[in-house]
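Biologist: Hello! I would like a close look at a single part of this model, and I am happy to read a long reply.

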Amino acid sequence: MNDMSRLDKTVTNTTKISAKNVNVYYGDTHAIKDVNVEIEDNTVTAFIGPSGCGKSTFLRCLNRMNDTIDICRVTGEILLDGEDIYDKRVDPVQLRAKVGMVFQKPNPFPKSIYDNVAYGPRIHGLARNKADLDEIVEKSLRRGAIWDEVKDRLHAPGTGLSGGQQQRLCIARAVATEPEVLLMDEPCSALDPIATAQVEELIDELRASYSVVIVTHSMQQAARVSQKTAFFHLGNLVEFGNTGQIFTNPEDPRTESYITGRIG
Amino acid sequence: MTDISQSPTPMGGAAGQTKGGSLLTQNARTRKRNAAEMRFRGYGIAAIVVGLIMLLVLVTTIVSRGTGAFQQTFITLDVELLESKLDKKGNRDLDDIKKVTTFGYAPLIKGAMESTVDALGIETGLKSKELAGLLSKDAAAQLRAYVIENPDQIGQTVEFRFLAQSRVDGYLKGRVSRDSIENDKNISAGQLDLVDALVAAGVIEKTFNLDFIIGADASDQRPEAAGIGVSMMGSLFMMLVVLALALPIGVAASIYLEEFAPKNWLTDIIEVNISNLAAVPSIVFGILGLAVFINYMHLPMSAPLVGGLVLTLMTLPTIIISTRAALKAVPPSIRDAALGVGASKMQAVFHHVLPLAAPGILTGTIIGLAQALGETAPLLLIGMVGFIASNAPETIADGLLAPNSAMPAQIYEWAKRADPAFYERAWGGIIILLVFLVTMNTVAVILRRRFERRW
Ligand SMILES: Nc1ncnc2c1ncn2[C@@H]1O[C@H](COP(=O)(O)OP(=O)(O)O)[C@@H](O)[C@H]1O
Ligand SMILES: [Mg+2]
């Protein structure tokens, strides 16, 4: 990956994902109601809102993880670089290689640290030989800010790491397939404050190369790591804008009451 | 126990006393609760003791009755292979030698018995026919087989170890006594006297009998020659069929149902029916096998292939149920992780879920196989019981298609026969069967322990 060229991009970022009139239903439950949002490249976008408001649901629409839920139905349009990801011709597997995901609970494979990271490149044929693969693994682990901690025990099981290390390993694993977008669903909710700080720092670094979307229930976290914030409430996207503006000068009264702690 | 009725009574006063009373003395309710707990533990221990006693009784009975089958009484004799009886023309032509039936060997055995008794100087009023009567009816056949193998030995004197007939064997094992043979045509008190003398002389001795483990079943008159080995081969071939069919079909069905199939009424019905199938009595599968595999498809009667097919039907639900449980036990986060890095559903299942479920699948398979190995009822209906095979199969096709029995069916067959010598063999067969089953279950337990949840 050629991240140097990405770094010196102009501040006005291009749109990476644009969602238009997205509705999601779980059977009869209307979980996401007519959401329109533009997610920019090289930006951390935070989704906040009270629990059950549909943040995860919407996030999972962006890489079609919802396809695995039988009763889930999505309508509307989600464009990635101008292409509708729900088009019939799109293979969700190909999409997920482009749009990586990190989950709430660290979920490394019960395999070695090396194999965890190498798995994605292997199935996508990104490495031509062992040396290539070694390089990808090292680069990804460095990008996951965990290389120094694990470089001496790459063949130890990934499940033997601490929670924070596991989550950074999962980030490294997601990064290894060279995605363009990284989705993170409450990546710090299972971590202690120190591990959280490390992951947050990492997210900030990742912004240089990816478009990052993070779901969080912590408003402080959203304020710390994101440039854009979307506030969801009962399936509606209530407000979307620059993080600074949302937290200091929200337009919608529901946003204001949420960030001041009156609904939650 | 009504806890509500005993509301705490406020205690107003005594210094140092909390309102609930002192912790150092047990109040009535605590005593009652502790007593109930003690009683419950008592019941539990009693239940375990009863279980252990039953197990102990079972094991001691089986061992005490069955170990006899592993030992057999042999008579060692020097037999002169007379040319005049075996090869009158003297040209060692194998075709001519084969024309001599076992009947023609009887004089040699009689002669050998007589000379042995004479050489030892034992006084006996028995006729030569009665002397030879101590030997198994198998002896002549054994002699004939040897001569056909080694025609050059004709004219020589060769030492043989013959099986003693089952009454002599029973006498040495304590099953037969002088009282018990009063009405027995097969043996007389005089013969037992001779047996005592020959035992003292070391001609008759009881030793370990490998042929019981590797040999074939024998006809009603020769219990001493019967072995379980051939039916063991029958069981082995059936297990191969079961393994080759039930494991792939069962695992494929489970993976499809668990990971790929949409959850709708159709899969619900399938699911319910698989559970029902697991509860169907095995004899039903037997009659199904008779109707479908033998009467309709015209596969041979008594063939391990058919037995294997029937047992496959029986084992499939067990394997499917345990495989699905093993797949369910793999946390969904592993599937999410794989899908999240762009693995396809199938890659996620085969690269990640299946390896994690493998120990559980194997455990279920082994337990299914163990059940199938011990199953008798369906085999009765497809003719795998009775005196069937006297030779071990030589090829795989033979093993699958030639009529054979199976271990539990063989045991049933022996237990059914009149001669008490067979009864002892039935117990011996049970020991062997149990060794197999316990080994398989132990492997299953070890597998389960070894690979228990590593995530
Ligand atoms: N797999 C599912 N099946 C049915 N309903 C679901 C499922 N997942 C989420 N929902 C419903 O969708 C709504 C939004 O859930 P979710 O996106 O998980 O909220 P959040 O992540 O903001 O807490 C909730 O009302 C929840 O009950
Ligand atoms: Mg959520």
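Which residue in β10(A) does Thr229(A) stand opposite? Please take me from there through the sheet around it and on to the place where the two chains meet.

Modeller: Happy to help, and please keep in mind that this is a predicted model. The partner you are looking for is Gly241(A), which stands opposite Thr229(A) in β10(A). The two strands involved are β9, residues 228-233 of chain A, and β10(A), and they pair in the antiparallel sense over 6 bridges.

Now step back to the whole sheet. It is an open sheet of 6 strands in chain A, in the order β6-β7-β8-β3-β9-β10, and its pairing is mixed. Your strand β10 (236-242) is an edge strand of chain A, as is β6, and each of them pairs on one side only. From one strand to the next, the twist averages 15°. Follow the order to β6(A) and you meet a helix: α7 of chain A, residues 163-176, lies across β6 and β7 (181-185) and runs at about 170° to β6(A).

From here we can go on to the other chain. In total, 21 residues of chain A are in contact with 19 residues of chain B. The area buried between the two chains is about 1700 Å², with carbon and sulfur atoms giving 63% of it. On the chain A side, the residues that lose the most area to chain B are Phe109(A), Pro110(A) and Tyr119(A), together 29% of what that side buries. As for polar links, the rule finds 0 salt bridges across this interface, while 6 residue pairs are in polar contact. The edge strand β6 (99-102) comes back here: along with α3 (92-98) and α4 (113-124) of chain A, it is one of the elements that give two or more residues to the side touching chain B. By class, that side of chain A has 11 nonpolar, 6 polar and 4 charged residues.

Chain B has a sheet you can set beside yours. It is an open sheet of 3 strands, ordered β2-β1-β3, with antiparallel pairing. Strands β2 (157-163) and β3 (204-208) of chain B each have a single partner strand, so one side of each is left without a neighbour in the sheet. The twist there averages 40° from one strand to the next. Strand β1 of chain B, residues 71-80, pairs with β2(B) over 7 bridges in the antiparallel sense, and Val79(B) stands opposite Val158(B) in β2(B). Helix α6 of chain B, residues 138-149, packs on this sheet, touching β1 and β2, and its direction makes about 140° with that of β2(B).

Key:
Residues numbered from 1 in each chain as written. Chains lettered and ligands numbered in written order. Predicted model: local features only at pLDDT ≥ 70, side-chain atom pairs only at ≥ 80, totals over all residues. Heavy atoms only, no water. Contact = heavy atoms within 4.5 Å. Buried area = accessible area lost by both parts, 1.4 Å probe. Salt bridge = Lys/Arg side-chain N within 4 Å of Asp/Glu carboxyl O. Polar contact = N/O pair within 3.5 Å; in protein donor to acceptor, adjacent residues only side chain to side chain. Helix = DSSP H or I, 4+ residues; strand = E, 2+ residues; numbered from the N terminus. Nonpolar A, V, L, I, M, F, W, Y, C, P; charged D, E, K, R; others polar. Pairing = 2+ DSSP bridges. Axes fitted to C-alpha atoms, helices over the stretch in contact; angles between N-to-C directions.
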